[in-house]
Amino acid sequence: MKLIVVVAKNWAIGFKGGLLFKLPGDMEFFKNTTMDKVVVMGRNTLLSFPDGKPLKDRTNIVLTTNRDFVAEGCIVCHSLDELFEELSKLNDDDVYVIGGGNIYNKLYPYCSEAYITKVDAVVSADAFLHNFDEDNGWYLSYASEIHEENGLKFTFNTYKNKMAETYEQKDSK
Ligand SMILES: NC(=O)c1ccc[n+]([C@@H]2O[C@H](COP(=O)([O-])OP(=O)(O)OC[C@H]3O[C@@H](n4cnc5c(N)ncnc54)[C@H](OP(=O)(O)O)[C@@H]3O)[C@@H](O)[C@H]2O)c1
């Protein structure tokens with residue numbers, strides 16, 4: 001399982017239910033990366049999409065504790081156990097955690113990689129991501145050149161989970 005997100009310098013990811021930045025290049029990266037894959041999100045993130053509709057051409061899994069919540073075109077899971085049961089039927093490499101703050105911060109320990117688009121701006125927010133730069137269990141394995149759109153500088157970064165790599169090495173022995 002992998003994670004994909006866009007963050008500000010202060011690891012801010014959202015405000016009042018919406019995104020913080022409009023970056024077509026990052027949207028394209030998100031679309032290309034998740035196309036035909038499985039995306040896992042919290043209920044708030046699903047509801048932040050236009051008309052609360054799932055993402056096209058992807059298997060959408062939504063987490064909510066509300067057993068009455070119905071989301072057309074989505075698989076609904078009511079706990080992490082239920083989610084992992086659902087994911088056990090799928091190829092782990094095809095699964096992307098796509099937000100929001102609550103779900104990223106619960107699921108990042110289970111991810112092998114995190115694709116983090118970092119925007120060179122500090123903004124007010126009410127949703128934040130775990131700080132991967134301060135987590136010794138993760139390291140930065142790739143950072144792109146600087147891109148610029150709408151007056152904002154940003155980079156594409158890949159962080160890797162050291163624990164996942166340890167398991168992979170053990171598996172290959
Ligand atoms: N920057 C980015 O890349 C990015 C990406 C996505 C979203 N966002 C932003 O993030 C913000 C939304 O984040 P958020 O933290 O408010 O919400 P969220 O993570 O999208 O959803 C939280 C909801 O998920 C459900 N949930 C959480 N843990 C669960 C569990 N263990 N079992 C079952 N359900 C569980 C709960 O739904 P119930 O209350 O129904 O039980 C909870 O209220 C928005 O501002 C959005 O724009 C940013």
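Start by selecting Asp36 in this predicted model. Asp36 comes after helix H1, and its phi is positive, near 65°.

**Back along H1**

Now step back and select helix H1, residues 24-34. Which of its residues are buried? Color Asp26, Phe30 and Thr34, and you have the buried ones. Look down the helix axis: these buried residues fall within an arc of 55°, so they line one face of H1. Turn to the other side of H1 and pick out Pro24, Glu28 and Asn32, which are exposed. To see what sits over the buried residues of H1, show strands E1, E3, E6, E7 and E11, which are among the elements covering them.

**Into the core**

Next, select Leu3, Val5, Val7, Val40 and Val97. Within the largest nonpolar core, a set of 41 residues, these are the ones with the most contacts. Several elements give two or more residues to this core: strands E1, E2, E3, E4 (59-63), E6 (95-97), E7 (113-119) and E11 (152-161), along with helix H4. Which element gives the most? That's E1, with five residues.

Stay here and center on Val7. If you ignore its neighbours within four places in sequence, Val7 is in contact with Ala12, Ile13, Ile116, Lys118, Val119 and Leu129.

**Over to the ligand**

Now select the ligand and the residues around it. The shell has 29 residues, and Gly14, Gly42, Asn44, Gly99 and Gly100 come nearest. Where does the shell come from? Color strands E1 (2-7), E2 (12-14) and E3 (38-42), then helices H2 (43-48) and H4 (101-107): each supplies at least two residues of the shell around the ligand. You have already met E1, E2, E3 and H4 as contributors to the largest nonpolar core. Try coloring the shell by class as well: you'll get eleven nonpolar, 16 polar and two charged residues.

**Zoom out**

Finally, show the whole protein chain as a cartoon. You should find five helices and eleven strands. The radius of gyration is 16 Å, close to the 16 Å that the globule rule gives for 173 residues, so the chain is as compact as a globular protein of that length. Along its principal axes, the C-alpha trace spans about 50 × 40 × 25 Å.

Two last things to try on the full chain. Color by burial, and buried residues make up 32% of the 173. Then draw the contacts with a separation of 6 or more: 64% of them are between residues 24 or more positions apart.

Terms used:
Residues numbered from 1 in each chain as written. Predicted model: local features only at pLDDT ≥ 70, side-chain atom pairs only at ≥ 80, totals over all residues. Near = placed C-beta within 6 Å. Helix = DSSP H or I, 4+ residues; strand = E, 2+ residues; numbered from the N terminus. Nonpolar A, V, L, I, M, F, W, Y, C, P; charged D, E, K, R; others polar. Core = buried A, V, L, I, M, F, W, Y, C linked by C-beta atoms within 7 Å. Buried ≥ 20, exposed ≤ 12 C-beta atoms within 10 Å, placed from the backbone. Contact = placed C-beta atoms within 7 Å. Arc of directions from axis to C-beta. Rg over C-alpha atoms; globule rule 2.2 N^0.38 Å.
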